[in-house]
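I opened the model to look up how its chains meet and how the strands are arranged. These are my entries, in the order in which I made them.

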Amino acid sequence: MDIIVCVKRVPMTQEVDLEIDDSGKDIKKDALAYVVNDWDNYAIEESVLLKEKLDGTVTVITVGDEDDEDVLRRALAMGADKAIRIEPGELELDGFLISNILAQVIKGLEYDLVLTGVQADDDNFGMVGIMLAERLGLAHSAVVTGFEAEGSEATINVELEGGLDEVSKIKLPALLSIQTGINEPRYVSIMGIRKAGKKELNVVKVEDIGLSDEELVRQTIIEEYFLPPETEGAEMIEGDPSNIAEAILRILKEKGVSV
Amino acid sequence: MGEILVVVEHRQEEVRDITFEMLFKAGELCKEFSHTLTAVVLGGKEEQFIDEVAKRSDNVIYYEDDRLKNFSADLYKEVLNGLIEKTRPFITLIGHSSWGMELAPSLSIKTGYPLATDCVDILIEDGHPKVIRQIYSGKVFSKMSFKESDGYLITVRPGSFQPPEAIDERNGGVIKKDLPGDLPEMRKEFIEFIDSGAGDVDITQADLLVSVGRGIGEAENVEDMKELAERMGGVLACSRPVVDKNWLPKYYQVGTSGKSVKPKVYLAFGISGAFQHLAGITGAGTVIAINKDKKAPIFRVADYGVVDDLFKVADALKEQLKEG
Ligand SMILES: Cc1cc2nc3c(=O)[nH]c(=O)nc-3n(C[C@H](O)[C@H](O)[C@H](O)COP(=O)(O)OP(=O)(O)OC[C@H]3O[C@@H](n4cnc5c(N)ncnc54)[C@H](O)[C@@H]3O)c2cc1C
Ligand SMILES: Nc1ncnc2c1ncn2[C@@H]1O[C@H](COP(=O)(O)O)[C@@H](O)[C@H]1O
């Protein structure tokens, strides 16, 4: 089975104070550390597991700049065979445009399955995968938590709200957006990443993929980014841990919880 | 005047809450801008919920066919594309649910209408829709507009709009329609629903939940927190990453894809407060959040907050309980 996995590198934003930059339309990113998008990590693992079971190839692909090659190399170390980076240059991207660029490149590749993450941890769109599916004319499903191939079909689980799963059969080739928890992504060592450095990583410029200037425009426009309005929010409990513990136990008692 | 079209989400003969939330918001916009509110139902024969929808809409378009009993992205896309091509609604609202995430992006490509997903608010300024979204897991908000078009697609985050008890009765008429005859081949076939939620602990009945998130760091720490929960007379619960890593079974998970809980007190240790998690604790009496990050979104909804290392607080709680 030949599989294509779309991956994105995203900034880690836990435990940092995000600031809006001077344009008012982005955050300051210089000081942030980056990782592979969590959902994509599960998608990569799923593709490698399928390859190990069914043979075939795994190609990972990203639309991003040179620094984003980190996540491609990491995927190669996990077991992907080839990587493609599409250099967007100065283009302003949104989900619509990213899906257009990806579709244009993936059209020329061989595949039975395309995997994406459910959503990217930065913009939280949850749209690139299914837009890509429609452009490629593929059967598709979102929020997939199980996949079992049977010839030209597969049985899949889609996670719905409230702990309910929907089981269905889908025709291949298909595009699935992968949900966290579908597998346990393997550990990647620095050594592993170094070794995978020999694998093929191709870079294509967006000007060279055959899309016209009119096709390279976004459909949504960022008007502004802003920090969440200061609401009343939580009443903060200050002090050392023992004061805090006392206060928590006092609140429990007030609220009628017996400890 | 334009039309606002709401795609009704229903499952197993019941309308999902997100539908009422969208109808409420659409109703507000229609009132302010004199638009018409049309609800579109793709459903099986004689769905019982049509009246509920009609009460809240100016018109209901009901595609009635047993092939539509269950959601099918292929069918929905085909039918809605046909409808949108004919009536060109100004705004089409779809839920940002698992099904909505499978439908809306493909419908956007098919219709050519720009799409904004997971929106928490919708504004109309100078005749153009604009949306508010939350990005970076809720740490930043973004206001977005669209490239000029005659229609726009917006998916709405569940829980963003709270319809009041007393609804604004619109009492729309129901127009029944048949499925178009020339349907494409279906590439996906529904087999069954399975409930992944049941287990030997029921977090929905507890008065006190001690809930742990990714901040717990390692599997070994889960056991310690379980002990704390028990010593406090409460029950352990968790956020999704803890289940994803197999540190706890699924039936401990709180949130949209887990359980909705209603304890008197919810203690959140190392949980950032993603909306999918918060959706599960709207019924909690009091929320106390413990997080190292003072900007964690959970502090915006918690009643009490502690900015500290969760392990220090957990240890101190254990100490106090020993003494007491
Ligand atoms: C379709 C879909 C459905 C989903 N359903 C659910 C659901 O049902 N339930 C759910 O929970 N999520 C769900 N999610 C995932 C959700 O989007 C978030 O990814 C998830 O809730 C994050 O969990 P978390 O807060 O534990 O982890 P994180 O967001 O990683 O937060 C960890 C927090 O711990 C803090 N921390 C770290 N170390 C410490 C320490 N030592 N002391 C104190 N604080 C510390 C950090 O500051 C951070 O705020 C769903 C996502 C999707 C796309
Ligand atoms: N720049 C990108 N390059 C490659 N794949 C991407 C890119 N952006 C998003 N994706 C894929 O689309 C999924 C959903 O992203 P989004 O729609 O932005 O939330 C991600 O999990 C990735 O698999």
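Entry 1, the contact. I began with the contact in this predicted model, and I found that 88 residues of chain A and 92 residues of chain B take part in it. I then looked up the buried area, which comes to about 7700 Å² between chain A and chain B, with 56% of it on carbon and sulfur atoms. On the chain A side, I note that Glu134(A), Glu161(A) and Gln219(A) lose the most area to chain B, and that together they account for 8% of what that side buries.

Entry 2, polar and charged pairs. I looked for salt bridges across the interface of chain A and chain B, and the rule finds 10 of them. One that I wrote down joins the side chains of Glu159(A) and Lys250(B), with 3.6 Å from N to O. For polar contacts between chain A and chain B, I counted residue pairs with both members at pLDDT 80 or more, and the total is 46.

Entry 3, the chain A side by element. I listed the elements of chain A that give two or more residues to the side touching chain B, and among them are the helices α1 (38–54), α4 (128–136) and α6 (241–254), along with strands including β7 (139–150), β8 (153–159) and β9 (164–171). Which element gives the most? I found that α6(A) does, with 10 residues. By residue class, this side of chain A divides into 41 nonpolar, 23 polar and 24 charged residues.

Entry 4, a sheet that includes both chains. I followed the pairing of β9(A) and found that 7 bridges join it to β12(B), residues 188–195, with the two strands running antiparallel; within this pair, Ile170(A) stands opposite Lys188(B). Tracing onward, I read an open sheet of 10 strands with mixed pairing, in the order β11(A)-β5(A)-β4(A)-β1(A)-β6(A)-β10(A)-β7(A)-β8(A)-β9(A)-β12(B). The edge strands are β11(A), residues 200–205, and β12(B), each of which pairs on one side only. I noted a twist that averages 30 degrees from one strand to the next.

Entry 5, within chain A. I checked β8(A) and β9(A), which run antiparallel and are joined by 7 bridges, and in this pair Glu153(A) has Lys171(A) of β9(A) as its bridge partner. Helix α2(A), residues 69–78, packs on the sheet by touching β4, β5 and β11 of chain A, and its direction makes about 170 degrees with that of β5(A). Helix α3(A), residues 95–106, also packs on the sheet; I recorded that α3(A) touches β1, β4 and β5 of chain A, and that its direction makes about 145 degrees with that of β4(A).

Entry 6, backbone checks. I searched for backbone exceptions, since most residues other than glycine have a negative phi and most peptide bonds are trans. The peptide bond from Leu172(A) to Pro173(A) is cis, with omega near 0 degrees, and Pro173(A) lies in the loop between β9 and β10 of chain A. Asp55(A) has a positive phi of about 65 degrees although it is not a glycine, and I located Asp55(A) in the loop between α1 and β4 of chain A.

Entry 7, another pairing between the chains. I found β13(A) paired with β17(B), residues 304–307, in the parallel sense over 2 bridges, where Glu235(A) has Tyr304(B) as its bridge partner. In chain B, β17(B) is also joined by 4 bridges to β16(B), residues 286–291, and these two strands run parallel. I closed this entry with Ile288(B), whose bridge partner in β17(B) is Tyr304(B).

Notes. Residues numbered from 1 in each chain as written. Chains lettered and ligands numbered in written order. Predicted model: local features only at pLDDT ≥ 70, side-chain atom pairs only at ≥ 80, totals over all residues. Heavy atoms only, no water. Contact = heavy atoms within 4.5 Å. Buried area = accessible area lost by both parts, 1.4 Å probe. Salt bridge = Lys/Arg side-chain N within 4 Å of Asp/Glu carboxyl O. Polar contact = N/O pair within 3.5 Å; in protein donor to acceptor, adjacent residues only side chain to side chain. Nonpolar A, V, L, I, M, F, W, Y, C, P; charged D, E, K, R; others polar. Pairing = 2+ DSSP bridges. Axes fitted to C-alpha atoms, helices over the stretch in contact; angles between N-to-C directions.
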